[in-house]
Amino acid sequence: FEGHTNPVFGALHLPGGQRIMTSSTDGSLRVWNLKSGKQIGNDWRDGESGVRTIALSPDGKKVVSGSEDGGVRLWDIDTGKVIAKWMGHTEEVRSVCWSRDGQRILSVSQDGTARQWDVEKGATILAPIKTGHEAVVYGAIHLPGGRRMMTYSEDGSLRVWNVKSGKQIGDDWRDGESRVYAIALSPDGKKVASGGEDGGVRLWDIDTGKVIAKWMGRTKTVRTVCWSRDGQRVLSGSYDGTVREWDAEKGETILGPIKTGHQHVVLSIAISPNGRILASASWDRTVRLWNLEDNQPISSPL
């Protein structure tokens, strides 16, 4: 298939279970038919800036993207057009995240700041939060209740923030010195999974800030993590091009390592709404699909 011309940093399943969307530093978002593997329509573009991250709104009607030009863009799923564009970051946007009510978007940039945007008004809700991490900030997530957020960084820490005051809550969360490259909040909002440079996947308790489980099984950095919708499984993608599926309660490997066939690091993974199909996006410019029930590939790489 004709594919992206630069690394694919993002992949997500679109409503209905028949399409996926990918994003790349070639500056495009693309929609694909899961069954045929064919691209649907033209590339979605707004300028030439590379797209580092995408996230689907809770109602499934919009996608937010973060780009290398520091812009945060809101796209309409039906038209493929930009309906809002917010500038403010001075360097590339590495992570975007929706609040659970779909009213706010959280963006984190290589400039070391986190910003919250009002989706309806298109304005910054508060002044940018200067995270103070001692290395690159890779992303942030909203925490339950809407009053806190969490950032994570190459400096090996996770930090919790009061979104109104912009002040850090408590001390850094740490477990050794391993750089943190990915986190994901559990569906019930009680745990956070993180992936790090040491190849480990850690499970953190939201209330205590402590590691409650630590799963090792890789020799290379874990670059991406995600939860199944029922909260029973955690999936991780690595620099070694493999994906693993973990039982969140038992801490055992359910599947894997899945040798995806990617020739480079797995940058993003996403599970379909029915929990059966895994999409993995890679630096090698491809996206691959996997049946999680039998660990077999679906069609050719996109």
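The legends below describe close-up views of a predicted model.

**Figure 1. The whole chain, shown as a predicted model, is built from strands and contains zero helices.**
The protein has 27 strands, and its C-alpha trace spans about 50 × 45 × 30 Å along the principal axes. Because a compact globule with 302 residues would have a radius of gyration near 19 Å, the value of 18 Å for the protein agrees with that expectation. Buried residues account for 58% of the 302 residues, while the surface that the protein exposes amounts to about 13,000 Å², of which carbon and sulfur atoms supply 43%. Among contacts between residues at least 6 apart in sequence, 37% join residues that are at least 24 apart.

**Figure 2. The largest nonpolar core has 25 residues.**
Within this core, Ile141, Met150, Leu158, Ile183 and Val192 touch the most other members. The elements that contribute two or more residues to the core are strand S9 (104-109), strand S12 (137-142), strand S13 (148-153), strand S14 (158-162) and strand S16 (180-185). Leaving out residues up to four places away in sequence, isoleucine 183 touches Ile141, Met150, Tyr152, Leu158, Val192, Ala193, Ser194 and Val225. Another core, of 13 residues, lies apart from the largest one, and its members include Ala182, Val201, Val225 and Trp246.

**Figure 3. Arginine 202 sits in strand S18 (residues 200-205).**
Arginine 202 counts as buried because its relative accessibility is 5%, which is under the 20% limit for that class. The side chain of arginine 202 is joined to that of aspartate 175 by a polar contact of 2.6 Å. When neighbours within four places in sequence are set aside, the residues in contact with arginine 202 are Asp175, Val192, Ala193, Ser194, Val211, Ala213 and Lys214. Methionine 216, which is 14 residues from arginine 202 in sequence, lies 8.7 Å from it in space, C-alpha to C-alpha.

**Figure 4. Three of the salt bridges are shown here, from a total of 21 in the whole structure.**
The side chains of aspartate 155 and arginine 159 meet in a salt bridge of 4.0 Å, N to O, and both of these residues are buried. In a second view, arginine 174 forms a salt bridge with aspartate 172, the closest N and O atoms being 3.7 Å apart; here arginine 174 is partly exposed, with a relative accessible area of 34%, and aspartate 172 is likewise partly exposed, at 27%. Elsewhere, salt bridges that share partners join Asp26, Arg30, Asp43, Arg45 and Glu48 into one network. The third pair belongs to this network: the side chains of arginine 45 and glutamate 48 meet at 3.9 Å, N to O. Arginine 45 counts as partly exposed at 35% relative accessibility, whereas glutamate 48 is exposed, with a relative accessible area of 65%.

**Figure 5. Arginine 285 has a positive phi although it is not a glycine.**
Its phi is about 80 degrees. Most residues other than glycine have a negative phi. Arginine 285 lies in the loop between strand S25 (277-282) and strand S26 (287-291), and it is partly exposed, with a relative accessible area of 43%.

Definitions and conventions. Residues numbered from 1 in each chain as written. Predicted model: local features only at pLDDT ≥ 70, side-chain atom pairs only at ≥ 80, totals over all residues. Heavy atoms only, no water. Helix = DSSP H or I, 4+ residues; strand = E, 2+ residues; numbered from the N terminus. Buried < 20%, exposed > 50% of the residue type's maximum accessible area, 1.4 Å probe, protein only. Contact = heavy atoms within 4.5 Å. Polar contact = N/O pair within 3.5 Å; in protein donor to acceptor, adjacent residues only side chain to side chain. Core = buried A, V, L, I, M, F, W, Y, C linked by side-chain atoms within 4.5 Å. Rg over C-alpha atoms; globule rule 2.2 N^0.38 Å. Areas by Shrake-Rupley, 256 points an atom, 1.4 Å probe, with all protein chains shown as cover.
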